[in-house]
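Open the model in your viewer and keep the sequence panel beside it. This tour suggests what to select at each stop and then says what is there.

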Amino acid sequence: MNNTNPMRSSVLDRVLVLEMVRVTEAAAIAASRLVGRGDEKAADAAAVEAMRKAFDELEIDGTVVIGEGERDEAPMLYIGEKVGGAVGTGPRIDIALDPLEGTTITAKAGPNSLAVLAAAEEGCLLNAPDTYMEKLAVGPGYPDGIIDLARTPTENVKAVAEAKGVNPGDIIVCVLDRPRHADLIAELRSLGCGVVLIGDGDVAGVIATTDPDTTVDLYMGIGGAPEGVLAAAALRCVGGQFNGRLVFRNDDEKARARKWGIPDKDFDRIYRLEELAKGDCIFAATGVTSGSLLDGVKRLRGGRMTTDSVVMRASSGTVRWIKGEHRTA
């Protein structure tokens, strides 16, 4: 059968779409054993180890372009690491991942921690440095360019409100609850906006703009740049708009950006959705703790456990919600 969709990738075949869920399931199950135990590092390490082993079962030649840090800073799944069971022979795929998005959430048994990954053909995901990124996102159904980081938060809220046919005070904005966002929160509340404050997990926060049940219209604020690429990959699959701009705290972070291919002229660049995640891509996530996007891992009687996952593909726009039941080890 001919491939009539110019965005569809023969590399990212249908089998691989579902296999990616096995990877996030493995990481979520491993991390879930440490929910509420107060040990962020142990929970993250468990998720990393499980995700790496799951990748080894896939017949791919994968390269981690967004991972747990650089080679000297992370024991595994570092940026540039090769993963998969067919390195050198299998389809060449770039992978962005966060084995445990929300380590603090997991340690404290809070909501919205996830095991997350995105996959695309080689060169289709921005190799974002491990720095901060200012983010602005809105769900599907709005005119192109409805949001722009070059505008003020007030201007963006008013633009979305006008397009939605409501008052600015009817707009709900999701923001990470951080001291750095005090002025942003005050500005939004001065407009009458509802502000949904989240303690962590801004991938889920961005995706919330695509789900009417969350009532979230916009996501704003500064979070991790790697999480920005993961969120952009999800929006490529389900629709919506995203702007991201790197935020550097010191010269060391700028040097790391240069190392991963970000030139000085792009340090203040506003990246659009398709510049962060282009072409066909896959996004997969499994809940570790329950939240607005997914239920967490649940342990049942009789040595069973359940998982709740979502997997999306950009070329088809398909979103699959997957409930899994597993034997405990």
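Begin by selecting Thr 103, which lies in helix 3 (residues 103-108); helices here are DSSP runs of H or I with at least four residues, strands are runs of E with at least two, and both are numbered from the N terminus. What you see is a predicted model, in which local features need pLDDT of at least 70 and side-chain atom pairs count only at pLDDT 80 or more, while totals for chains, interfaces and linings use all residues. Residues are numbered from 1 along each chain as its sequence is written, and side-chain values use heavy atoms, with hydrogens and water left out.

Stay with Thr 103 and show its surroundings: leaving aside residues up to four places away in sequence, Thr 103 touches Glu 40 and Asp 44, where contact means heavy atoms within 4.5 Å. Thr 103 is also among the positions that UniProt, in an unreviewed entry, lists for "binding site", and Pro 179 is another one of them; such annotations may be inferred rather than shown by experiment.

Select Pro 179 next, in the loop between strand 6 (172-176) and helix 5 (182-190). Is Pro 179 buried or exposed? Pro 179 is exposed, because its relative accessible area is 77%; buried means under 20%, exposed over 50%, and partly exposed in between, using a 1.4 Å probe and protein chains only.

Now return to Glu 40 and Asp 44 by selecting helix 2 (residues 40-55), whose 16 residues should span 22 Å at 1.5 Å a residue, and whose end C-alpha atoms are 23 Å apart, which agrees; the expected span is 1.5 Å times one less than the number of residues. Buried residues of helix 2 include Asp 44, Ala 47, Met 51 and Phe 55.

Move on to helix 4 (residues 153-164), where the buried residues include Asn 156, Val 157 and Val 160. Their cover includes strand 5 (132-138), strand 6, helix 5 and strand 8 (218-224). Just after helix 4, select Gly 165, whose phi is positive, near 80°.

Finish at strand 5, which is largely enclosed by the rest of the structure, because five of its seven residues are buried. Strand 5 pairs with strand 8 in the antiparallel sense over seven bridges, and with strand 9 (residues 241-247), again antiparallel, over seven bridges; two strands pair if DSSP finds at least two bridges between them. Select Lys 135 to see both partners, since this residue stands opposite Gly 221 in strand 8 and opposite Gly 244 in strand 9.
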